[in-house]
Each structure stands twice: as structure tokens, then as C-alpha cells.
Amino acid sequence: MPKVLISDKMDPKAAQIFRERGVEVDEITGKTPDELAAMIGQYDGLAIRSSTKVTKAILDAATNLKVVGRAGIGVDNVDIPSASAKGVVVMNTPFGNSITTAEHAIALMFALARQLPEADASTQAGKWEKNRFMGVELTSKTLGLIGAGNIGSIVADRARGLRMKVIAFDPFLTPERAIEMGVEKVDLDTLLARADFITLHTPLTDQTRNILSRDNLLRTKAGVRIINCARGGLIDEAALKELLDSGHVAGAALDVFVTEPATESPLFGTANFVSTPHLGASTSEAQVNVAIQVAEQMADYLVSGGVTNALNVPSLSAEEAPKLKPYMALAEKLGSLVGQLSHGALSGIAIEVEGAAAELNQKPITSAVLAGLMRVHTDTVNMVNAPFLAKERGLDVREVRHDREGDYHTLVRVTVKTDAGDRSVAGTLFGNEAPRLVELFGIKVEADLAGHMLYVVNEDAPGFIGRLGTLLGTEGVNIGTFHLGRRDAGGEAVLLLSVDEAVTPDLIAKVRGLAGVKTVMGLSF
Ligand SMILES: NC(=O)c1ccc[n+]([C@@H]2O[C@H](COP(=O)([O-])OP(=O)(O)OC[C@H]3O[C@@H](n4cnc5c(N)ncnc54)[C@H](O)[C@@H]3O)[C@@H](O)[C@H]2O)c1
Ligand SMILES: O=C(O)CC[C@@H](O)C(=O)O
């Protein structure tokens, strides 16, 4: 009988469902990482919320683990690459707590508009300070939404009900979807300049970290009020404190913090600052939803192999699986590459297959491309829901099957249409097994896409590779593999290097300082 550990506080429905489905279950919460590592070896499944950190060390100790189930949305407490490397399926419950979290954002917006926590504390202290608390109306105010996915779109809907004007910044929001949501799609600078209230609803990614940086906070309208029910790390907390003190920011409400649990913060005690201890998902309704969903999904997987809402595996039939498996890996890497390298709003994507790939079921390949592409921007996408999400966001997905003979026995090409132009990458399978990039934005290359990589576009000139190698050596960066391609001699050249550690902003800045460098980025696969 499979055995599951519930290691965070979860509605009792979860344990009940596991038992009903023939899964043995232990509920043991509050363990330290070492204690968890010592006990995890006996379990086939681990059901968590946000407190348990499923690190590489835990996964290394988890000799029997087959599935991690997150009762909630964000999986930033799970090391997904390590789980994938160990063949552990990671699942979440993408929709169970969205309404609840959206309602919390709206609650915090009201709390800020009318200074409810401070007025409550003052009244209960017997002060009756009627003249101290002068609020603002929400009606006719502009709400700036950063992130217009599941939760953001519910917030927009509720805010429109309050007669607010909603503007949204989200690279995946198509003009059609914006119209459907009744919001105005804007760029970030416009949102900062126009919004009376700003609410954040993005995952924490390399692109969103510090999205409300000091500079961006300074660009906001004087008197702005800010709400964050998404993830700590989206806002520069020190800069927020200064701007609350100066009065430029008239109020801020945080449900999430850079360090959690946030038992101390310079923001605590600041006037017009409201906080809650990561309560966004904490309603009985949402907790029942996510507990039922996670237990059903995990039990399905452990008992019958069914896969739902997995973030790191495709759902496939038993016959197709072995043939498609290497293509899925290739497709996901190509999607991820083009997603990481493309900036600007996406409107369409074409997935072309030729040679041996053209003989296969193209749908899973397309799903894998879309999952890789969208995972750059959202935690909640998986191979199952990727096509649905792409459609919902108005992304025009084209599948093309070529009969022609090409240079490679099998080829998958991905082309995205963005407002900055079309971008195309292509890959093949070496030995029918190993994914290999063979073309990048029209330049022939040959590269593995794995682990952490440094991507550099430079002017093709003698001495550049030596200068880059010297810089990386000086910075203690170990190069694993080195791939090079160029358009024409003396034209534009592309370098893709695999490196042992994640590429830091500091290293990017130093590489950018080398003569001839046009573009430099860190990539992860
Ligand atoms: N406070 C809580 O308890 C709580 C509860 C549930 C969810 N969350 C968090 O809320 C966040 C949003 O959840 P969701 O279900 O709406 O996710 P979602 O994936 O449906 O939506 C996220 C949206 O952010 C957009 N986005 C990604 N990068 C962006 C960028 N650079 N700029 C602007 N937009 C960008 C995506 O395109 C997507 O539309 C997640 O981080 C989730 O973990 C918090
Ligand atoms: O489990 C919780 O309480 C928080 C969940 C929330 O952060 C999520 O991402 O779903």
C-alpha cells in the first residue's frame, strides 16, 4: 500500500480521501529539514502547503518518493529540477484558492483605503479619533494589476464591480483577453504612472523579482496604495518603507514577505502599513478545495498512474509514451529557450515538425513546447493545462507538419510572434534520444540545453572568446560546455555556455562590459 506524509497543516479531508483511496497516511507537521530528511525515505508521496521546503537535500533522502503534491498554487518551495531529475512528479492545485486570494487582495485594498486596522486599534484603545481617519473612495479610482492570470483576473472582475477602472500589465495578456476582462492593457511604466492602487498577482521569477524596485516605486503616482498577495520578493521592502515614511506611497498592504515567517520587519509599525501572515489562501472553502484536490490527484497517481496538474511530466498513453518521451524533452527545452529569450508581448507561436517527428502525435509535442514557454512566466502551467491556458490567453498556436526531407532526420522548430518580431529556434534528437539545439534565431549552432547557461550575442571579432574565458576564470565560473555559432564572418556571433552555478546579475553586468557584447543573459533548463 502506498504511503503518504502530510507535512503541513491541511484540511482533514485530505487524509480522509487518501485512506478511502487505499493510501496509508501520516500527518506530521512542524518538523525541521533534518528531521524531515530522516523520515522521508519511507514515503511514496509528500503532501505540502507552503511551509515545507522540498529541497534537493530532502529529495536526495527521499529514496521511495514518487510524487510531491502542493495543496495550493505556488511551488517556489519545491526544487522542481531536482524532483524531475529524480523522477518525482510535482503537482499543484492551480485553481482551488484563486477566489479566496483575490478576495484577500480586495479586502486589503479596502483596509488601505479606509485605514481600517489603525482605526480599529485606535477605537479599541478608547481614543475615538474621528478626525484622524480620512479615507478615499475606490469608485472611479484606477487599479493597476501586475499579473492578469487566474487571481489577477478575478481581482479585476471584483474591482470593476466596485466601479474601478482596471489597467493591467502582463506580457501574456493578449488584447482580446484584455477586452474580455474589461481591462486596459498597458506597459509597466504607464501602469506605474497612472494607478491609484497597484496589486501584484505574478509568480516570483527572474523577470518579476523586484518588479516594484526602488526605481519603479519612485515612478508611481504620488499617493499610490500597494497590495501584494502574490509572493515576497516582488517589492523592494526597504524602498517601500522609505516611501511610506516620505508619504509618496500612501499605504501598503503585504500578505507575503521576502523572508517568511516574517516575525520582524522594518515595515512593522510604519504608518499606513497593513500586514497579514500569508493568509491569502486561508479560508475554509479554499483549504477544503485544495486538500481534496491534492489528495485525489496524488492518490490517482500512486494507485493507478493517472497524472493531473503535474508541473514536470506530460500526460500520455502507455503506447505513445516511450516514443514521444525524448521529443517532449526537446520540445519543452525549445519552448523554454524561446520564452526566456523573447521579450515583448507574445501573440502567436508555430510548432513545425519534419522528418521522424512528423510521423508522431504532434499534440503532446505542442503541449510540451507551450508548457516550456509559459513556465518562464507562471508556476501553474503543465503539459495538461498548457494548451488550454494558451487558448485562454488568446495565443494563436499553429501546428505544421512537413513531409519534406530536411538536413536532419528529425526536427522540431518553434517560432514565436512577438511585438518585437518573429523569433525561431530548432532542435533535433541525436541518436533518437538526446535533445540538441541546432538553430537559434537563424544562426546554426549545436548545443545541449541543460542546467544553467550563459547566452551571449557579440560582434564576431578575434580575441573575444579569450577575453570572455579570462573573465569567467577570474570570476571563478566553471564552463561545462561551450557552443558557438555565427551568421557570417565578422557579423553577429552567438555563444551558449553551460556553467556550474546559476548566472548572477553581477556576472551578466561584467560580461556586458566586454567590448563587442550586444546581448547577455542567464538561462536555466
Ligand atoms: N498569498 C497567498 O496565499 C497566495 C495564494 C494563492 C496564490 N498566490 C500567488 O499568487 C500568484 C498568482 O497566482 P495565479 O494563480 O494568478 O497565477 P497565474 O499563473 O494564473 O497568473 C500569473 C500571471 O502573472 C503573469 N506574469 C508572469 N510574469 C510577469 C511579468 N514579468 N510581469 C507581469 N505579469 C507577469 C503571467 O503571465 C500570468 O498571467 C502566484 O505567485 C501564487 O503563488 C498567493
Ligand atoms: O498554503 C497557503 O497557505 C498559501 C498558498 C499560496 O501561497 C499558494 O501559492 O497557493
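**Exercise 1. The shell around ligand 1**

Find which helix gives the most residues to the shell around ligand 1 in this predicted model.

*Solution.* Start with the ground rules. Residues count from 1 along each chain as its sequence is written, while chains are lettered from A and ligands numbered from 1 in the order in which they are written. Because the model is predicted, local features need pLDDT of at least 70 and side-chain atom pairs count only at pLDDT 80 or more, whereas totals for chains, interfaces and linings use all residues.

Next, collect the shell. A residue is near a molecule or strand if its C-beta atom, placed from the backbone, lies within 6 Å of it. Ligand 1 has 34 residues around it, and G74, G147, G149, G280 and T378 come nearest. Two elements give two or more residues to this shell: helix 5 (98–113) and helix 7 (150–161). Here helices (H or I, at least four residues) and strands (E, at least two) are DSSP runs, numbered from the N terminus. Helix 7 is the answer, giving the most with 3 residues.

Then sort the shell by class. There are 18 polar, 12 nonpolar and 4 charged residues. In this scheme Ala, Val, Leu, Ile, Met, Phe, Trp, Tyr, Cys and Pro are nonpolar, Asp, Glu, Lys and Arg are charged, and the others, Gly among them, are polar.

**Exercise 2. Placing ligand 1 among the domains**

Between which domains does ligand 1 lie?

*Solution.* Begin with the division of the chain: domain 1 (3–95 + 285–304), domain 2 (116–271), domain 3 (314–449) and domain 4 (451–524). These bounds come from an automatic or database domain assignment. Now see who contributes: domain 2 and domain 3 both give residues to the shell around ligand 1, so the ligand lies between them. For a sense of scale, the centres of domain 1 and domain 4, taken over C-alpha atoms, are 39 Å apart.

**Exercise 3. Ligand 2 and a positive phi**

List what surrounds ligand 2, then say whether H278 is buried or exposed.

*Solution.* Ligand 2 is surrounded by R49, S50, G72, I73, G74, N97, H278, G280, A281 and S282. By class, this shell has 7 polar, 2 nonpolar and 1 charged residue.

Now pick out H278, which sits in the loop between strand 12 and helix 12 (284–304). Its phi is near 50 degrees, a positive value in a residue other than glycine. Most residues other than glycine have a negative phi, and most peptide bonds are trans. To judge burial, count the other C-beta atoms within 10 Å, with C-beta atoms placed from the backbone: 20 or more is buried, 12 or fewer exposed, and in between partly exposed. H278 has 20, so H278 is buried.

For a contrast, try N432, in the loop between strand 16 (421–430) and strand 17 (434–440). N432 also has a positive phi, near 60 degrees, but with 12 other C-beta atoms within 10 Å N432 is exposed.

**Exercise 4. Checking helix 5**

Compare the span that helix 5 should have with the distance between its end C-alpha atoms.

*Solution.* The expected span is 1.5 Å times one less than the number of residues. For the 16 residues of helix 5 that comes to 22 Å, and the end C-alpha atoms are 23 Å apart, which agrees. Next, look at burial: the buried residues include T101, A105, L108 and L112. An α-helix has 3.6 residues a turn, so residues three or four places apart point the same way. Finally, just after helix 5, Q115 takes a positive phi of about 50 degrees.

**Exercise 5. Strands and a cis peptide**

Trace the order of the open sheet of 7 strands and place the cis peptide bond from E260 to P261.

*Solution.* Two strands pair if DSSP finds at least two bridges between them. The order is 8-7-6-9-10-11-12, with parallel pairing. Strand 8 (184–185) and strand 12 (273–275) are the edges, each pairing on one side only. Inside the order, strand 9 (197–200) and strand 10 (224–228) share 4 bridges, and L200 stands opposite N228.

The bond from E260 to P261 has omega near 0 degrees, and P261 is in the loop between strand 11 (249–254) and strand 12.

Last, turn to strand 19 (452–459). Strand 19 pairs antiparallel with strand 21 (492–499) over 8 bridges, and with strand 22 (517–524), also antiparallel, over 7. N458 stands opposite A493 in strand 21, while V457 stands opposite T519 in strand 22.
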